[in-house]
Amino acid sequence: MGEPRWGGGRPELVRARVQRGLSQETAAEAIGVTPTTWARWERGEQGVRACYRPRIAALFGVSAVEVERWIEGWSYGETPSWPVKDFGDASPAATVKAAALLWRYEMDPSRRHLLASLPFIPTALGEWLTSWNYGTPVASAAQEGAGRAVGLADVARIDEAQRAFVQMDQRFGAGVVRPVVVEYLNGTVAPLLRGRYDERVGAELMTAAAGMTWLAGWTAFDLNRQGQAQQHFGQALRLAKTGNDPLTGVWVLATLTRQATHLEQGTWAVWLARAATDTARRAEAPPRVMALVLAGEARAMAVEANPAETGDRHSARQVEHLLAEAERAYARGATDRDPAWVGRFEAVELDAQAGRCWSLLGDHRRAAACAETVVTAFSERLPRSAQLNRVHAAEAYLDMGELEQAIDSARAAIPMTKALTSARSTDLLRRFADRLEPYGDSVMVREFRDRLNSELAA
């Protein structure tokens, strides 16, 4: 890969237009921009907004990934992880090769920088969903590698490491733990994957590697490196497929749903959520897994429909139905089939998901109550979750017109934000501050903004 080369123009975009026999004026008209804008695009003098990129792909009959390469100037032939290529080949050898390559690039300073700058590519999700739903399962996860023999004790150590890293992430944010996670993947997990193991160990090893790869993606997500996060989530899904582990696949799909929701990719969020729900039902997932995916589907649907703005009562009722179904599922309790990861999904997490849904449904008082419940439950144990919900409560109060209470809630989130290495947390609080612009003449707003800028700059 190379750096974006806007300064040298976009020769691939020019070449595509010329090969189709189009003038700049004709191409501009087809896309819906002025000829001047198109000319600036070709010269590299102006960015191309996201809404025009699918139109360019459709005009020239190429993939969205190819258009991204034309626009951003990346030469990504050396990086098969953008997006994950050959996703349909779930053989252990192909999966191990792809995973090890991605993790090795994470350890290379130049490639790590470029991975961190990758954009989120929604269209890559289509191939992943197709391969996950319809790809042929591997006959065996066993491998006769060149490395040492691998046993269940090695797998157990990966699981223990992941639990420790997750606790660090929850308490301090991704900035502290992510370098350790990717180093562990490259230095410990990759050699094990290249080793020798039978079918049972291979399946468990793929699941453990998927969990650690999920964490690499999650920590990138928390640092707002969305394309980088997407690549690790895709690799985690591939590892789960190779290990024939549908419940781990559900976990990854649920997280991809959350990422798409966060990025307001409503349609993709719904598709991902439904894939997670369908997979969970086919696998006869335990109740708390079902609760997790149903809550995620509710939020995805709320983002896509946005009933508070559109007045779509049908979608609002569907969201409410999914939330009620999730609560009933969670109330059925834990089982001996619960995967380890679902143990972190506490009852109060349903309040967090419900709060975001109620906000999109226009019931801001209920949204605030849900967020306050989460803050009370998590303020000591899970400071990042508490911080996020403290800001969500502030947003709900602001939507109700209760400015003073909104400022008080957001002010309480400032020291929590400062203590975290979480770009996601910081951005959420700054976006709230931006929403205060209509009240910019208020003394309390000016004081809040001054304190926020002072504390986060320190």
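# A walk through a helical protein

Start with helix α18, which is mostly covered: 12 of its 15 residues are buried. Keep in mind as you go that this is a predicted model.

**Stop 1: helix α18**

Select residues 347–361 to light up α18. Does the length fit? At 1.5 Å a residue, its 15 residues should span 21 Å, and the end C-alpha atoms are 21 Å apart, so the two agree. Now colour the buried residues: Val348, Glu349, Leu350, Ala352, Gln353, Ala354, Gly355, Arg356, Cys357, Trp358, Ser359 and Leu361. What do the buried residues of α18 pack against? Show α15 (287–305), α16 (307–310), α17 (313–331), α19 (364–378) and α20, and you'll have the helices they pack against. Just past the helix, click on glycine 362, which follows α18 and has a positive phi, near 90°.

**Stop 2: the whole protein**

Zoom out. You should find 23 helices and 2 strands. The radius of gyration is 23 Å, close to the 23 Å that the globule rule gives for 458 residues, so the protein is as compact as a globular protein of that length. Its C-alpha atoms fill a box of roughly 70 × 65 × 50 Å along the principal axes. How many of the 458 residues count as buried? The share is 54%. Turn on the surface and you're looking at about 19600 Å² of exposed area, with carbon and sulfur atoms supplying 49% of it. Contacts also reach across the sequence: among those between residues at least 6 apart, 72% join residues at least 24 apart.

**Stop 3: the nonpolar cores**

Hide the surface and select Trp103, Leu193, Met212, Phe432 and Phe448. Of the 122 residues in the largest nonpolar core, these five touch the most other members. Helix α11 gives the most to this core, with 13 residues. There's also a second, separate core of 17 residues, and Leu13, Ala27, Trp38 and Ala57 are among them.

Go back to phenylalanine 432 and show what surrounds it. Beyond its neighbours within four places in sequence, phenylalanine 432 is in contact with Val391, Ala394, Glu395, Leu398, Ala406, Ala410 and Phe448.

**Stop 4: helix α22**

Select residues 423–435, which make up helix α22. Try the length check again: at 1.5 Å a residue, 13 residues should span 18 Å, and the end C-alpha atoms are 18 Å apart, which agrees. Which residues of α22 are buried? They are Arg424, Ser425, Thr426, Leu428, Leu429, Phe432 and Ala433. Here's a handy rule for reading such a list: an α-helix has 3.6 residues a turn, so residues three or four places apart point the same way. To see what covers the buried residues of α22, show helices including α11 (199–222), α13 (246–262), α20 (383–399), α21 (403–418) and α23 (443–457).

**Stop 5: glutamine 387**

Next, click on glutamine 387 in helix α20. Buried or exposed? Glutamine 387 has a relative accessible area of 0%, so it is buried. Setting aside neighbours within four places, its contacts are Ala413, Met416, Thr417, Leu420, Ser425 and Leu429. For a sense of scale, draw a line from glutamine 387 to tyrosine 134: they are 253 residues apart in sequence and 40 Å apart in space, C-alpha to C-alpha.

**Stop 6: glutamine 226 and its surroundings**

Move to glutamine 226, in helix α12 (residues 226–242). Its relative accessibility is 10%, so it counts as buried. Leaving out residues up to four places away, glutamine 226 touches Phe120, Phe221, Gln259, His262 and Leu263. Look closely at glutamine 259: a polar contact of 2.9 Å joins its side chain to that of glutamine 226.

Now look at asparagine 224, in the loop between α11 and α12. Asparagine 224 isn't a glycine, yet it has a positive phi of about 60°. With a relative accessible area of 25%, asparagine 224 is partly exposed. Another positive phi in a residue other than glycine, near 60°, belongs to glutamate 264. Find glutamate 264 in the loop between α13 and α14 (266–282); at 68% relative accessibility, it counts as exposed.

**Last stop: glutamate 72**

Finish at glutamate 72, in helix α5 (residues 64–72). Glutamate 72 counts as buried, at 14% relative accessibility. Where is arginine 10? Its C-alpha atom is separated from that of glutamate 72 by 8.2 Å, though the two residues are 62 apart along the chain.

Note on methods
Residues numbered from 1 in each chain as written. Predicted model: local features only at pLDDT ≥ 70, side-chain atom pairs only at ≥ 80, totals over all residues. Heavy atoms only, no water. Helix = DSSP H or I, 4+ residues; strand = E, 2+ residues; numbered from the N terminus. Buried < 20%, exposed > 50% of the residue type's maximum accessible area, 1.4 Å probe, protein only. Polar contact = N/O pair within 3.5 Å; in protein donor to acceptor, adjacent residues only side chain to side chain. Contact = heavy atoms within 4.5 Å. Expected span 1.5 Å × (residues − 1). Rg over C-alpha atoms; globule rule 2.2 N^0.38 Å. Areas by Shrake-Rupley, 256 points an atom, 1.4 Å probe, with all protein chains shown as cover. Core = buried A, V, L, I, M, F, W, Y, C linked by side-chain atoms within 4.5 Å.
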